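Subject: Structure handover

Hello,

Here is the structure we talked about. Please load it first, then read the notes below it.

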Amino acid sequence: MQWMVIFKKELLENWRNFKWVWVPIVFIIFAIMDPITTYYLPRIMESVGGMPDGAVIDIPMPSPPEALMMSYGEIGLIGVLIIVVISMGLISSEIKSGVYELILSKPVHYSNYITAKFASMFLLVSISIVLGVVAAWYYVNVLFGDLGLVETLVSVLFYLAYILLLLAIVMFFNTIFKSQGLVAFVSIFVIIVLNVVTNIYKHMATWSPMLISDYIGAYLFSGQMETEIWWSTLIAIGLAVVLLIAAIGTLKNKAME
């Protein structure tokens, strides 16, 4: 009951801040941008002009899975930045302003406070990503050829496990730093380091959650699910749980200081 009250409060606050409007729109725009731009690029170049006489623009079109992976690429880059920005003040701003002390002076469990805020943000981000990928799937089917909706939705489910981990990283640093800028900087730095290390030791760290996008691409191309994607997903979920527990412990320690 207490958890649900905080969860509904967060949903309402996100609605009042118009996050339920602009966040899905932004994700849809970035998800469809690359496939549409790639398809119309030859016409854009022709209309711009400046090409030598007799020049023929012949840009090979990507396959439907390649086109959809472009959308995942945009979400994995710009989308992650948006996720960090909209979640960097979830708790840090309330710690800085002292609002969290007011809330936790009441009989509110730390776990309810952290997980309800986390769940409300994850719901917003998840719906935005699903809408973005479905919109991209539509344009991929119209412009590049058939791509199964079921396979696309399955790929999104795995991708959300990756997002779950990223959001848990931001949530953890929310409980450590009061500065929103510092939360964003450290979160992005950690995410970059995890990706770099995974790319360097990709042959060894086949279970890394940072490889979920790669496994999604392989799934969309072949239709076959690799075993490693399950391990990567389970580890992503496990690490997210550990980070949330650590965030709860950190907040408790702050209250005792």
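Start at Phe189, which sits in helix α8 (residues 180-200). Helices here are DSSP runs of H or I with at least four residues, strands are runs of E with at least two, and both are numbered from the N terminus.

Two notes on provenance. The model is predicted, so local features need pLDDT of at least 70 and side-chain atom pairs count only at pLDDT 80 or more, while totals for chains, interfaces and linings use all residues. Residues are numbered from 1 along each chain as its sequence is written, and side-chain values use heavy atoms, with hydrogens and water left out.

**Surface patch**

Phe189 is part of a nonpolar surface patch of about 960 Å². The other members are Leu182, Phe185, Ile192, Val193, Val196, Val197, Ile200, Tyr201 and Met204. Patch residues have over 30% relative accessible area and no salt bridge; like charges are joined within 9 Å, and nonpolar side chains (Val, Leu, Ile, Met, Phe, Trp, Tyr) within 5 Å. Areas come from the Shrake-Rupley method with a 1.4 Å probe, and for residues only the protein chains shown count as cover.

**Overall fold**

The protein chain has 10 helices and 0 strands. Its C-alpha atoms fill a box of roughly 75 × 40 × 30 Å along the principal axes. Of its 257 residues, 44% count as buried. Buried means under 20% relative accessible area, exposed means over 50%, and partly exposed lies in between (1.4 Å probe, protein chains only).

**UniProt spans**

The unreviewed UniProt entry lists "transmembrane region" for residues 20-41, 75-93, 114-140, 152-174, 181-201 and 229-251. Those positions use the numbering here, feature names are shortened, and annotations may be inferred rather than shown by experiment. I checked two of the spans against the model. Residues 181-201 are 95% helix and 0% strand, with end C-alpha atoms 30 Å apart. Residues 229-251 are 100% helix and 0% strand, and their end C-alpha atoms are 33 Å apart.

**Helix α7**

Helix α7 covers residues 149-174, 26 residues in total. The expected span is 1.5 Å times one less than the number of residues. That gives 38 Å, and the end C-alpha atoms are 36 Å apart, which agrees. Of the 26 residues, 20 are buried, so α7 is largely enclosed by the rest of the structure.

**Aromatic pairs**

The whole structure holds 11 aromatic pairs. Rings of Phe, Tyr and Trp (its six-membered ring) pair if their centres lie within 6.5 Å; planes under 30 degrees apart are stacked, over 60 edge-to-face, and the rest tilted. Tyr39 and Phe144 make an edge-to-face pair, at 5.8 Å centre to centre and 85° between the planes. This pair links distant parts of the chain, 105 residues apart. Tyr39 is in helix α2 (residues 19-48), and Phe144 is in the loop between α6 (110-143) and α7. Tyr39 is partly exposed at 25% relative accessibility. Phe144 is buried at 14%. Together with Tyr40, the two form one aromatic cluster.

**Salt bridges**

The count is 5 salt bridges. The rule asks for a side-chain nitrogen of Lys or Arg within 4 Å of a carboxyl oxygen of Asp or Glu. Lys9 bridges to Glu10, with the closest N and O atoms 3.2 Å apart. Lys9 also bridges to Glu13, at 3.4 Å from N to O. Lys9 and Glu13 are 4 residues apart in helix α1 (residues 2-16), which means about one helical turn between them. Lys9 is partly exposed at 37%, and so is Glu13 at 35%. Glu10, by contrast, is buried at 3%.

Lys117 forms a salt bridge with Glu94, the closest N and O atoms being 3.1 Å apart. Lys117 lies in helix α6 and Glu94 in helix α4 (residues 92-97), so the pair ties together parts 23 residues apart in sequence. Both Lys117 and Glu94 are buried. Shared partners join Lys9, Glu10, Glu13, Glu94 and Lys117 into one network.

**One last distance**

Leu211 is in the loop between α8 and α9 (212-222). Leu211 is buried, at 4% relative accessibility. Its C-alpha atom is 29 Å from that of Gly249, and the two residues are 38 apart along the chain.

Best wishes
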